[in-house]
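Work through the exercises below with the sequence and the model side by side. Try each task before reading its solution.

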Amino acid sequence: MQHGAVSSNNVAAPDEAGFLGGEAGVPVAEHLQDLVIDSEDVNGFLNELAVFSSGAVSAEVGIEVLCGVTLSRRRKALTVAGSSPEARLIDEVQQAYGDGPCLHAMRERKTVLVHDTSTEKRWADYCSVIAQRGHLSALCVPLELDEGATAALNFFAPKARIFTDSIIRGCDLYGSQAEKALRLAVRIGTKAAACGGPPRGDVFENGDRPRVRNHHGPKPLQPGKRPSRFSRRHRTGGTRSCATSQSRSSNR
């Protein structure tokens with residue numbers, strides 16, 4: 001095993017791991033699928049994923065573990081979500097440095113473990129900063145997505161050497177479930193944008209959803225005014241299709 005990196009080979013099967021089993025007996029895969037369905041966009045799903053992941057790993061470790069999620073897509077800025085503002089800040093600081101355990105995990109597609117950020121020699125400047133903020137252990141699990149997209153789950157704990165081999169194996173297993181849900185969320189967002197609908201997952205600085213103007217619908221009827229011929233036809237479903245109009249034109 002490489003120092004600071006953990007292979008995902010020989011990971012226990014889901015029913016054998018006994019780890020991150022979901023809430024109230026719900027299988028983790030089913031719970032993650034519900035998160036996709038209930039989220040308005042990819043960014044919303046990332047935040048829900050970070051909160052759920054933080055709670056699950058915290059319960060297993062026995063102390064509070066923060067979780068950040070980083071998503072990289074082609075021709076888009078990195079998207080960062082977190083289980084708390086602090087978790088999001090940790091990942092944003094890493095982006096400012098341009099490298100770190102999370103970005104390395106995404107680039108090399110290998111889980112990265114930092115036992116003690118206060119003594120870590122790799123990414124020393126970044127690790128020193130987060131150690132001063134009280135985050136002494138880091139575990140970054142890459143998520144395999146479709147071509148042109150990568151992501152990672154990033155766990156931070158206030159105690160050094162807290163991530164044992166069994167916890168790491170469990171997080172790798174959990175990552176294989178999370179990546180399926182995230183892959184689905186990204187695909188839905190991409191297809192919605194391609195169809196001209198509200199782009200699920202485009203991140204706006206102010207958090208607003210995109211506004212969609214109805215260019216073809218009728219204007220609201222003013223009191224005391226009769227609807228125009230167009231609006232009556234529109235409201236009753238009597239508008240002609242493009243194919244019908246073209247057919248009539250060709251027969252003239």
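**Exercise 1. A salt bridge between distant parts**

Task: Decide whether D146 is buried, partly exposed or exposed, then find which residue it forms a salt bridge with.

Solution. The model is a predicted one.
Step 1. The relative accessible area of D146 is 28%. Buried means under 20% and exposed over 50%, so D146 is partly exposed.
Step 2. D146 forms a salt bridge with R187, and their closest N and O atoms are 2.8 Å apart.
Step 3. D146 sits in the loop between β5 and β6, while R187 belongs to helix α7 (residues 165-194); the pair links distant parts of the chain, 41 residues apart.
Step 4. R187 has a relative accessible area of 44% and is partly exposed.
Step 5. Through salt bridges that share partners, D146, R183 and R187 are joined into one network.

**Exercise 2. Two further salt bridges**

Task: State how many salt bridges the count comes to, and describe the one between R109 and E144.

Solution.
Step 1. The count comes to seven salt bridges.
Step 2. In one of them, the side chains of R109 and E144 meet at 3.2 Å, N to O.
Step 3. R109 lies in the loop between α5 (101-108) and β4, and E144 lies in strand β5, so this pair ties together parts that are 35 residues apart in sequence.
Step 4. R109 is partly exposed at 44% relative accessibility, and E144 is partly exposed at 33%.
Step 5. Another salt bridge joins the side chains of D99 and R107 at 3.3 Å, N to O. D99 has a relative accessible area of 27%, and that of R107 is 45%.

**Exercise 3. Cysteines**

Task: Work out how many disulfides the structure holds, and why C171 is not bonded to C67.

Solution.
Step 1. A disulfide is a covalent bond between the sulfur atoms of two cysteines.
Step 2. The structure holds zero disulfides.
Step 3. C102 is in no disulfide, and the nearest cysteine sulfur, in C140, is 5.4 Å away. The cut-off is 2.5 Å.
Step 4. The closest cysteine sulfur to that of C171 is in C67, at 8.8 Å, which is too far for a bond.
Step 5. C102 counts as buried at 1% relative accessibility, and C171 is buried at 0%.

**Exercise 4. Two aspartates**

Task: Describe the surroundings of D91 and of D41.

Solution.
Step 1. D91 is in helix α4 (residues 85-97).
Step 2. D91 is buried yet has no salt bridge; R88, the nearest side chain of opposite charge, is 8.9 Å away.
Step 3. Leaving out residues up to four places away in sequence, D91 touches G68, V69, T70, V80, A81, N154 and F156.
Step 4. D41 is in the loop between α2 (28-38) and α3 (42-61), and it is buried at 12% relative accessible area.
Step 5. The D41 side chain reaches the backbone nitrogen of G44 at 2.7 Å.
Step 6. D41 and V186 are 145 residues apart along the chain, yet their C-alpha atoms are separated by 8.8 Å.

**Exercise 5. Strands**

Task: Determine which way the residues of strand β4 point and how many bridges join β4 to β5.

Solution.
Step 1. In β4 (residues 111-114), T111 and L113 point one way, V112 and V114 the other, and all are buried.
Step 2. Three bridges join β4 to β5 (residues 137-144), and the two strands run antiparallel.
Step 3. V114 has A138 as its bridge partner in β5.

Technical notes:
Residues are numbered from 1 along each chain as its sequence is written. This is a predicted model: local features need pLDDT of at least 70, side-chain atom pairs count only at pLDDT 80 or more; totals for chains, interfaces and linings use all residues. Side-chain values use heavy atoms; hydrogens and water are left out. Buried means under 20% relative accessible area, exposed over 50%, partly exposed in between (1.4 Å probe, protein chains only). Helices (H or I, at least four residues) and strands (E, at least two) are DSSP runs, numbered from the N terminus. Two strands pair if DSSP finds at least two bridges between them. A polar contact is a pair of N or O atoms within 3.5 Å; within protein, one must be able to donate a hydrogen and the other to accept it, and residues adjacent in sequence count only if both atoms are side-chain atoms. Lys and Arg count as positive and Asp and Glu as negative; His and the chain ends are not counted. A salt bridge is a side-chain nitrogen of Lys or Arg within 4 Å of a carboxyl oxygen of Asp or Glu. Contact means heavy atoms within 4.5 Å.
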